[in-house]
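Subject: Handing over a structure

Hi,

Here is the structure I promised to pass on to you. Have a look at it first, and then read my notes with it open beside you.

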Amino acid sequence: MKASTRTTVLRCLGNRRGQRRLGALTTVLFAGTLQLLNPTGAAAATGAYSSFGVADWDRDQHQDIIARNNATGDLWLYPGNSQRGYSNQTPVKIGNGWNGYTPFGTTDWDHDQHQDIIARNDTTGDLWLYPGNSQRGYSNQTPVKIGNGW
Ligand SMILES: [Ca+2]
Ligand SMILES: [Ca+2]
């Protein structure tokens, strides 16, 4: 860390009306750059990628990162290798057209042993389940609407 680099962390609990809520807003000042972080620590829509979750997407016993390239709308799988360091696995595109969606989570929603993505269509407010098939590539499963008014 350079001598000119300063990090300030500010945590705020509660909302403006004084109600107690779980969650924290973290502000980090790092080398003159202000970055807002959400309660999970992920960058709040300022980076090139948006997190869609961490899960063992391809069922190889290693956790993976799923993220959207915000410029292209492509969804990428970054396979992990359970090492403390950079993964040596090659990223794989697993989807496209994901701009306009807000990720709600990645989990095995339907209990078929394959990780799935849940996301809201920001235009319609509909909530969609995108079933995975544990492959490093596009899933051949059909998306299913699981809610509206979100
Ligand atoms: Ca994996
Ligand atoms: Ca599933």
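Below is what I found in it, going from the whole chain down to single residues.

**The chain as a whole**

First, keep in mind that this is a predicted model. The average pLDDT over the chain is 80, and 69% of the residues reach at least 70. The stretch to be wary of is residues 1-41, where pLDDT stays under 50. The model has 37 contacts beyond four places in sequence for that stretch, but I'd leave its details alone.

As for secondary structure, you'll find eleven strands and zero helices. Read from the N terminus, the elements go β-β-β-β-β-β-β-β-β-β-β. Of the 150 residues in the chain, 15% are buried. If you take the contacts between residues at least 6 apart in sequence, 18% of them link residues at least 24 apart.

**The sheet from S4 to S7**

One open sheet has four strands in the order S4-S5-S6-S7, and the pairing is antiparallel. Which strands stand at its edges? They are S4 (49-55) and S7 (92-95); each has a single partner strand, so one side of each has no neighbour in the sheet. On average, neighbouring strands here are turned by 30° against each other, direction ignored.

For a closer look at the pairing, start with S4 and S5 (residues 64-69), which run antiparallel and are joined by six bridges. Within that pair, Ser51 sits opposite Ala67 in S5.

The loop between S4 and S5 holds Gln63. Is Gln63 buried, exposed or partly exposed? It has 14 other C-beta atoms within 10 Å, so it counts as partly exposed. Beyond its neighbours within four places in sequence, Gln63 is in contact with Val54, Ala55, Asp56 and Gly80. You can also find Ser82 from there: it lies 19 residues from Gln63 along the chain, with 6.8 Å between the two C-alpha atoms.

Next, go to Trp76, which is in strand S6. Trp76 has 18 C-beta neighbours inside 10 Å and so is classed as partly exposed, since being buried takes 20 or more. Neighbours within four places in sequence aside, the contacts of Trp76 are Ala67, Asn69, Pro91, Val92, Lys93 and Ile94. Measuring from C-alpha to C-alpha, Trp76 is 9.3 Å from Phe52, and the two are 24 residues apart in sequence.

**The sheet from S8 to S11**

There is also an open sheet of four strands in the order S8-S9-S10-S11, again with antiparallel pairing. Its edge strands are S8 (101-107) and S11 (144-147), each of which pairs on one side only. Here, too, neighbouring strands are turned by 30° against each other on average, ignoring direction.

Going through this sheet pair by pair:

- S8 and S9 are antiparallel, with six bridges between them. Pro103 has Ala119 in S9 as its bridge partner.
- S9 and S10 are antiparallel as well, over five bridges. Asp116 stands opposite Pro131 in S10.
- S10 (residues 127-131) and S11 run antiparallel and are joined by three bridges. Trp128 has Lys145 in S11 as its bridge partner.

Don't skip the hairpin of S9 and S10: five residues lie between its strands, and Gly125 there takes a positive phi near 80°.

**The nonpolar core**

Which residues have the most contacts inside the largest nonpolar core? They are Phe52, Trp57, Ile66, Leu75, Leu77, Ile117 and Ala119, in a core of 13 residues. The elements giving two or more residues to this core are S4, S5, S6 (75-78) and S9 (116-121).

Leu75 is a good residue to click on. Apart from neighbours within four places in sequence, Leu75 is in contact with Phe52, Ile66, Arg68, Ile94, Gly95, Asn96 and Trp98. Phe52 and Ile66 are also on the list of core residues with the most contacts.

If you only have a few minutes, I'd go to Leu75, then Trp76, then the hairpin with Gly125.

Cheers

Terms used
Residues numbered from 1 in each chain as written. Chains lettered and ligands numbered in written order. Predicted model: local features only at pLDDT ≥ 70, side-chain atom pairs only at ≥ 80, totals over all residues. Pairing = 2+ DSSP bridges. Axes fitted to C-alpha atoms, helices over the stretch in contact; angles between N-to-C directions. pLDDT = per-residue confidence, 0-100. Contact = placed C-beta atoms within 7 Å. Core = buried A, V, L, I, M, F, W, Y, C linked by C-beta atoms within 7 Å. Buried ≥ 20, exposed ≤ 12 C-beta atoms within 10 Å, placed from the backbone.
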